[in-house]
Amino acid sequence: MKLTLKKTQLENSEALEEYTRKKISSLEKLAGKFGESVEAWVEIGRATRHHQEGEIFRAEVDLRVPGKILRAEAEATDVYRAVDEAKDELERQLREYR
């Protein structure tokens, strides 16, 4: 699986990048039957800069499999939780699509 990661309005963090790659790559088991043609486009970052209280993070993932693009979006107060929620939604969609 080819994975492209984009960070928006976030500082560079190797731990966050590694965590995101690990979580999204875990979908490879379900997408394995599609072979090497599976691509994942991931964008993580702050939702906006002008929230009144706290920070809201978002994760968007496009999973391109032959014949279809599966998409998941999630917002949470923690960037790691947003990644987890997006991964869970994509996992559900992949199970349906298979």
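**Exercise 1. Find the residue in strand 2 that stands opposite Lys 6, then follow the sheet to strand 3.**

Step 1. Lys 6 stands opposite Glu 43 in strand 2. The model is predicted; local features need pLDDT of at least 70, side-chain atom pairs count only at pLDDT 80 or more, and totals for chains, interfaces and linings use all residues. Residues are numbered from 1 along each chain as its sequence is written, and side-chain values use heavy atoms, with hydrogens and water left out.

Step 2. Strands (E, at least two residues) and helices (H or I, at least four) are DSSP runs, numbered from the N terminus. Two strands pair if DSSP finds at least two bridges between them. Strand 1 and strand 2 run parallel and are joined by seven bridges.

Step 3. Glu 43 has Glu 60 as its bridge partner in strand 3. Strand 2 and strand 3 are antiparallel, with eight bridges.

**Exercise 2. Determine which residues share a salt-bridge network with Glu 43.**

Step 1. A salt bridge is a side-chain nitrogen of Lys or Arg within 4 Å of a carboxyl oxygen of Asp or Glu. The count by this rule is 13.

Step 2. Within helix 3, Glu 89 and Arg 92 are three residues apart, about one turn of the helix, and their side chains form a salt bridge at 2.6 Å, N to O. Arg 95 and Glu 91, also in helix 3, are four residues apart, again about one turn; their salt bridge is 3.0 Å, N to O.

Step 3. Through shared partners, salt bridges link Glu 43, Arg 58, Glu 60, Asp 62, Arg 71 and Glu 73 into one network.

Step 4. Take one pair from it: the side chains of Arg 58 and Glu 60 meet at 3.0 Å, N to O. Arg 58 has a relative accessible area of 15%, so it is buried (buried means under 20% relative accessible area, exposed over 50%, partly exposed in between; 1.4 Å probe, protein chains only).

**Exercise 3. Identify the members of the largest nonpolar core that touch the most other members, and the elements that supply the core.**

Step 1. A nonpolar core is a set of buried Ala, Val, Leu, Ile, Met, Phe, Trp, Tyr and Cys residues joined through side-chain atoms within 4.5 Å. The largest one has 27 residues, and Val 42, Ile 44, Leu 63, Leu 90 and Leu 94 touch the most other members.

Step 2. At least two core residues come from each of strand 1, helix 1, helix 2, strand 2, strand 3, strand 4 and helix 3. Helix 3 gives the largest share, six residues.

Step 3. Contact means heavy atoms within 4.5 Å. Beyond its neighbours within four places in sequence, Ile 44 is in contact with residues including Leu 5, Leu 16, Arg 58 and Val 83.

**Exercise 4. Classify the aromatic pair and say which elements it ties together.**

Step 1. Rings of Phe, Tyr and Trp (its six-membered ring) pair if their centres lie within 6.5 Å; planes under 30 degrees apart count as stacked, over 60 as edge-to-face and the rest as tilted. The structure has one such pair.

Step 2. The ring centres of Tyr 19 and Tyr 80 are 4.8 Å apart and the planes stand at 80°, so the pair is edge-to-face.

Step 3. Because Tyr 19 lies in helix 1 and Tyr 80 in helix 3, the pair ties together parts 61 residues apart in sequence.
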